[in-house]
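Reader: I am new to this structure. Please show it to me, and let me ask how its labels are earned.

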Amino acid sequence: MSNDRILEGLNPEQREAVLHTEGPLLILAGAGSGKTRVLTHRLAWLVREHGVSPTSLLAITFTNKAAEEMRRRLQDLVGGASRAMWISTFHAACARMLRRDAERLGYQKNFAVYDEEDQRRLVLRLMRDNEMDVKRYPPRAVRSRISLAKNELVSWEDYRQRARDDFEAVVGEVYRLYQETMARNNAMDFDDLLVNALALLELFPSLLEEYQERFRYISVDEYQDTNRAQYRWVNLLAERRRNLCVVGDDDQSIYSWRGADLRNILDFERDYPDARIIRLERNYRSTRVILDAAHGVVRGIRGRKPKKLWTDREGGEPIRFFQADSEYQEALYVAEEINGLTARGYRLSDIAVFYRINAQSRPFEEVMLRLGIPYRIVGGFRFYERKEVKDVLAYLRVLANPADDVSLLRVVNVPRRGIGETTIGHLQAHAALQGITLWEALLRAEEVAPLGAGARRRLSEFARLMSELRDAADELALPELMKEVQERSGYLEELRRERTLEAEGRLENLEELLRVADEFQQTRPEEGLQGFLEQVSLLSDIDYYDQEEGAVTLMTLHNAKGLEFPVVFMVGMLDGVFPHSRSVVEGREDEERRLCYVGITRARDLLYLTCSAQRSQYGLTDYCAPSPYVKEIPEELLERVGAAEVEERAVRLESERLARMAEGFQVGDRVLHRVFGTGVVREITVSSAGPEMAIEFPELGTKRFLLAFAPLTPLKD
DNA sequence: GCATGAGTACTTTTT
DNA sequence: GTACTCATGC
């Protein structure tokens with residue numbers, strides 16, 4: 001392939017960005033302006049034209065999915081060289097550094113990665129152990145403050161010193177206990193990955209130098225959503241070579257609640273006075289109407305870098321706005337439109353439904369299920385957050401890192417083996433007194449004086465189980481080990497005994513987990529248990545998403561970032577939900593506007609905004625006004641849809657569905673009625689209530705049924 | 001130690 | 001409407 005192909009089809013600004021290889025570069029890339037293309041082509045250009053070794057390239061993306069996509073595109077441009085580049089999220093890159101050198105910070109290489117639930121459990125335990133008031137200071141809130149502090153590089157010492165009220169004082173104290181326990185448990189949470197990777201660079205100049213020498217060219221995508229720790233880490237790495245290319249868009253900054261700081265991108269010019277700045281303002285995605293609507297929402301934000309995207313897709317279909325009477329009707333409208341769109345030639349995978357919070361998905365799921373529209377949900381309850389999955393993973397985590405007592409405590413009595421709170425309490429006290437880990441205390445359970453004989457026996461038995469599994473861990477490949485854990489822990493047996501639908505589902509999930517382990521073993525056998533656990537904890541919902549599947553996509557606006565669809569429905573556009581009342585209270589309304597902007601600019605051709613006059617939450621229904629953002633879209637771009645029309649179509653849709661059902665039956669067929677038994681169809685007619693059938697039963701004579709309600713099944717001869 | 005039921009808080013958004 | 005905590009009784 002010739003190098004010219006790398007530049008082919010780029011507009012002048014894109015081309016300029018690709019050609020600017022040396023020195024700091026800021027690319028202000030509006031929505032749909034082809035920034036992924038620029039990023040990948042720039043890397044390809046470095047390799048092909050400048051002969052840069054792929055090992056010298058570090059590319060940070062926002063999700064694993066984006067990294068994968070980038071690698072795939074690079075594979076096309078430069079072939080196998082793409083494999084040698086570091087293309088990953090901040091968290092994955094930091095984890096990689098730490099797997100190599102965490103020992104320098106006092107961790108062992110096999111450190112565990114805690115997710116939010118693990119963190120919350122630990123915070124709760126620490127607060128209870130120290131007699132703190134968990135009602136007044138909710139562990140969730142404490143956890144989130146600690147997390148935010150870390151992202152802003154505030155240590156517990158600093159935090160405690162700066163505490164302004166008693167809540168912050170409590171947080172400061174828990175923060176200290178938390179970090180101590182994490183160190184003892186040989187565990188890091190998501191934030192520690194960043195903080196500790198940064199610590200490696202700051203504390204060990206030789207390491208810093210090594211990485212600075214290695215990564216001669218660094219690029220960061222979605223720079224507007226980086227936090228303090230990420231900012232420091234990446235700028236430190238780039239300090240020597242100064243070949244730092246950052247890409248972002250202040251209008252799409254939507255993660256301040258997780259510590260992202262818009263100043264990182266706004267101040268880039270101050271950090272690098274010699275930076276080249278390139279603006280990509282040509283949008284290749286949306287119609288003019290859609291871009292104007294998006295602009296209407298963010299126009300008024302103060303401190304915003306003024307800019308306006310342009311497109312040569314003049315005009316476009318108006319934005320449809322529909323205010324339904326009920327949530328159900330809203331969902332029905334969306335479903336009707338989807339049917340109409342597919343009739344017009346759109347594929348289901350062209351269509352997306354976005355909402356502000358996961359809880360809003362329910363009515364849409366229900367209606368699509370009922371009308372038989374295939375859909376796929378991104379996010380919400382995650383596979384790896386399901387109880388049974390986390391339980392089995394917790395066993396594996398203990399095997400990989402016995403110091404991990406959060407995981408050990410999670411599984412010690414799951415399934416039930418008669419080891420209750422009292423017993424565990426004694427064990428913990430013993431461990432603390434002796435200065436040993438919970439695991440060690442478990443192995444020497446006989447020495448725990450206050451324990452009764454029964455408790456002691458049960459603990460020893462559990463200890464034996466775990467030691468044997470630990471031996472197995474050295475011998476067996478991952479899938480076999482997991483199978484052993486599922487079987488020998490008694491977990492499968494307990495679920496099998498239950499014989500409920502729920503247990504059935506859990507068993508299926510555990511099977512799925514085995515398949516995941518199997519695939520990991522096939523593709524990355526050298527990474528072992530450790531690597532598996534790490535991958536599992538760093539994956540996000542969107543990483544699993546395959547846009548090509550023949551289904552409508554449902555997801556939150558946050559998950560929609562970086563994607564595009566020919567048709568977008570933004571649903572539940574209600575004041576209080578969007579903007580979310582909590583965001584408003586906490587002074588983050590601008591960010592809600594940007595979130596709206598992100599949603600709108602995902603649409604290529606068609607955009608729908610919907611809401612309903614009422615909404616139910618906590619089982620109650622109350623009345624709601626439409627989102628104020630709807631009003632900020634210029635009136636001439638909107639087309640309001642009437643409820644009467646929607647009702648009418650709903651009725652028609654329903655009768656069509658019934659008519660389709662009737663197609664399964666013909667006069668003369670034998671059918672089975674759940675109550676009356678076997679009969680023969682004598683007549684099919686259609687009334688206003690849908691298809692009716694006259695069925696003759698041998699004993700009972702002829703009866704008439706409404707197809708919609710009768711429990712009938714056709715019988716094959 | 002554990003099953004049961006009453007009472008409660010709860011929902012932003014996620015690597 | 002649910003998930004979680006807590007008190008009660010076996």
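Reader: What makes the pair formed by G420 and DNA strand B a polar contact?
Author: This is a predicted model. In it, a backbone N or O atom of G420 lies 3.4 Å from a phosphate oxygen of DNA strand B. A polar contact is a pair of N or O atoms within 3.5 Å, so this pair counts.

Reader: Which part of DNA strand B does the side chain of R258 approach?
Author: An N or O atom in the side chain of R258 is 3.4 Å from a sugar or linking oxygen of the strand. E586 differs in its partner: one of its polar side-chain atoms lies 3.4 Å from a base oxygen of DNA strand B.

Reader: Which elements give two or more residues to the surface near DNA strand B?
Author: They are α20 (421-434), α27 (557-560) and α28 (581-585). The largest share, three residues, comes from α20.

Reader: How many residues of each class does that surface have?
Author: Seven are nonpolar, 14 polar and eleven charged. Of the 32 residues around the strand, H91, R356, S540, R582 and R588 come nearest.

Reader: Why is F676 called partly exposed?
Author: Its relative accessible area is 33%. Buried means under 20% and exposed means over 50%, so F676 falls in between.

Reader: Where does F676 lie, and which residues share its nonpolar surface patch?
Author: F676 lies in the loop between β18 (670-673) and β19 (677-687). V675 and L700 form the patch with F676, with about 280 Å² of accessible area together.

Key
Residues are numbered from 1 along each chain as its sequence is written. Chains are lettered from A and ligands numbered from 1 in the order in which they are written. This is a predicted model: local features need pLDDT of at least 70, side-chain atom pairs count only at pLDDT 80 or more; totals for chains, interfaces and linings use all residues. Side-chain values use heavy atoms; hydrogens and water are left out. Patches are made of residues with over 30% relative accessible area and no salt bridge: like charges are joined within 9 Å, nonpolar side chains (Val, Leu, Ile, Met, Phe, Trp, Tyr) within 5 Å. Accessible areas come from the Shrake-Rupley method with a 1.4 Å probe; for residues, only the protein chains shown count as cover. A salt bridge is a side-chain nitrogen of Lys or Arg within 4 Å of a carboxyl oxygen of Asp or Glu. Helices (H or I, at least four residues) and strands (E, at least two) are DSSP runs, numbered from the N terminus. Buried means under 20% relative accessible area, exposed over 50%, partly exposed in between (1.4 Å probe, protein chains only). A residue is near a molecule or strand if one of its heavy atoms lies within 4 Å of it. A polar contact is a pair of N or O atoms within 3.5 Å; within protein, one must be able to donate a hydrogen and the other to accept it, and residues adjacent in sequence count only if both atoms are side-chain atoms. Ala, Val, Leu, Ile, Met, Phe, Trp, Tyr, Cys and Pro count as nonpolar, Asp, Glu, Lys and Arg as charged, and the others, Gly among them, as polar.
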